[in-house]
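Good morning, everyone, and thank you for making room for me on the schedule. Please have the picture open while I talk, and stop me whenever a term is unclear.

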Amino acid sequence: MNRSSIRLAVLFLAALITLPGYAQKSAILAGHLIDTETGTATADQIIITEHNPENGRSEILAIGSDIDIPDDAEIIDLSDQWVMGGLVDAHDHLGITYKEEPESWYYYYTIISDSTPLRAIQSMSTGFQKLASGFTIVRDLGNNGLYADTALRQAIEMGWVPGPTMINSGIIIGAFGGQLYETPEREDTVYPEYLNADTDDEIVKAIRRNIHYGAKVIKVCVDCQAYPYTVEQLKLFVSEAANAGQKVSGHVQTREGARRAIEAGLWSLDHDNALDEELHAMMAEKGIFRAGTETPQADFMRPMSDERWERRVRMLRDAYDQGVPLVFSTDADYYIPGFNRGELTIEFIRTWEAAGIPAADILKVMTWNGYRISETEDSRGPVKVGYAADIIATADNPLEDINALRDVRFVMKDGKVFKKDGVVEPLDFFHNGPVFGWRKR
Ligand SMILES: [Zn+2]
């Protein structure tokens, strides 16, 4: 080796060390490691994680009480904390915020005044806020303009911004009019919030269009108009989505719509108002997820009648008792002064507490059941060797008091620290290159 080639070799080695292409390892010293599926905790565990800046992937390499810590691993001391997999919100809309001013809690104004690019930036912000509260996976189910949800998922997956793993639906598919009430003078204002699909051909096209533009789950408005989809049409949704390996999540607001959705075998039913004991029994039998979006009653929330609140709590309890697969799902897409989006999301544990559901089971719903509805349970969510390195921690034990989740002290997403000692420090997530592959779909 001559002098110049030695110099080149030294430069190359120096570049290897300073380039982001160097694997980042961490060793988390976990005082208590919670298995949220079983509701058990193991004391004094070491978790070795790795983030690969070459492709953005992460992996939990090893877990144990007596394992070697690699020399190049950064030590993260959580020996006084409760460590677990990240939380899942199975129903939100990151690119929209309901508010009193200027739209009286309705979103016509947003649709008209806010461009998709603006809403994409908004959804980055809301995703950021949710991640800060420990939500590492979000099912983002429509009302995001022209695929702001896909844009956010791509940006997160490319490593441009930190955010939760996105299971996004693209545009909500519905019968003529979507979830809105149009005027004949301005027909088609529903687009792009909704894709009208009335015939079988239109249903197939709408599903394929969404999948082509980056949807990872199909969202259908089952019964938003006086002409709900038939069981046969809903079965077409299921089979056409399945043709691309995807599931169908159904907004239901009438009992008959919910019944048809169950009969057609949808993956999940969204919203709780139309569900009752008989439908719960059918859902339990078929293993259909209940994404209830159970808004809590609280003085800072929009007013809700005692009757509605009492029914909501009673029905949640009934679904729990009957063994319906439950998920934590919020629709927390509105502005409440004093709360960021993550803080508002966590307030929904009030409803679960009111239903008298034990803390360990609420935690399981917010994690393990969330991984299942998102279909990540074999790759992301549980803190197990070989899984993606998404890890959160709290100061207190959420198996005893679920309110411990109100103060998530630590968030690791894909092997990178996003929040530590209660402080968000995201700079490590940002880069400006196409390093994880360009044209990601
Ligand atoms: Zn919703």
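I will go through the domains, then a sheet, and then a handful of individual residues.

Please keep in mind throughout that what you are looking at is a predicted model. According to the domain assignment, the chain divides into domain 1, which is made of residues 3-85 together with 384-429, and domain 2, which covers 87-373. If you take the C-alpha centre of each, domain 1 and domain 2 are 31 Å apart. Where they meet, 23 residues of domain 1 are in contact with 20 residues of domain 2.

Which elements give two or more residues to the side of domain 1 that touches domain 2? They are β4, residues 73-85, then β15, residues 408-413, and β16, residues 416-420, and of these it is β15 that gives the most, with three residues. Sorted by character, the residues on that side of domain 1 come out as 12 nonpolar, four polar and seven charged.

Let me turn to the sheet. As a reminder, strands of a sheet pair through backbone hydrogen bonds, and they may do so in parallel or antiparallel fashion. Here we have an open sheet of eight strands with mixed pairing, and reading across it the order is β3-β2-β1-β4-β14-β15-β16-β17. At the edges are β3, residues 58-64, and β17, residues 423-424, each of which pairs on one side only. Within the sheet, β4 runs antiparallel to β14, residues 391-394, and the two are joined over four bridges; one place to look is valine 83, whose bridge partner in β14 is alanine 393. Helix α3, residues 116-132, packs on this sheet and touches β15, β16 and β17, with its direction making about 120 degrees with that of β15.

Now for some details of the backbone, beginning with two prolines. The peptide bond leading from glutamate 101 to proline 102 is cis, with omega near 5 degrees, and proline 102 sits in the loop between β5 (87-92) and α2 (108-113). A cis bond is also found from tyrosine 191 to proline 192, where omega is near 10 degrees; that proline belongs to the loop between β8 (172-174) and β9 (194-196).

Two other residues have a positive phi although neither is a glycine. Threonine 293, with phi of about 45 degrees, is in the loop between β13 (289-291) and α9. Aspartate 414, with phi near 50 degrees, lies in the loop between β15 and β16. Are these two residues buried or exposed? Threonine 293 counts as buried because it has 25 C-beta neighbours inside 10 Å, and aspartate 414 counts as buried because it has 23 such neighbours inside 10 Å, the cut-off for buried being 20 or more.

My last residue is isoleucine 336, which is found in the loop between α9 (306-321) and α10 (341-346). It has 17 C-beta neighbours inside 10 Å, and therefore counts as partly exposed. If we leave aside its neighbours within four places in sequence, isoleucine 336 is in contact with Phe300, Met301 and Leu344. Isoleucine 60, by contrast, is 276 residues away along the chain, and its C-alpha atom is separated from that of isoleucine 336 by 37 Å.

That is where I will stop, and I am happy to take questions.

Notes:
Residues are numbered from 1 along each chain as its sequence is written. This is a predicted model: local features need pLDDT of at least 70, side-chain atom pairs count only at pLDDT 80 or more; totals for chains, interfaces and linings use all residues. Domain bounds come from an automatic or database domain assignment. Two residues are in contact if their C-beta atoms, placed from the backbone, lie within 7 Å. Ala, Val, Leu, Ile, Met, Phe, Trp, Tyr, Cys and Pro count as nonpolar, Asp, Glu, Lys and Arg as charged, and the others, Gly among them, as polar. Two strands pair if DSSP finds at least two bridges between them. Axes are lines fitted to C-alpha atoms, for helices over the stretch in contact, and angles run from 0 to 180 degrees between N-to-C directions. A residue is buried if 20 or more other C-beta atoms lie within 10 Å of its own, exposed if 12 or fewer, and partly exposed in between; C-beta atoms are placed from the backbone.
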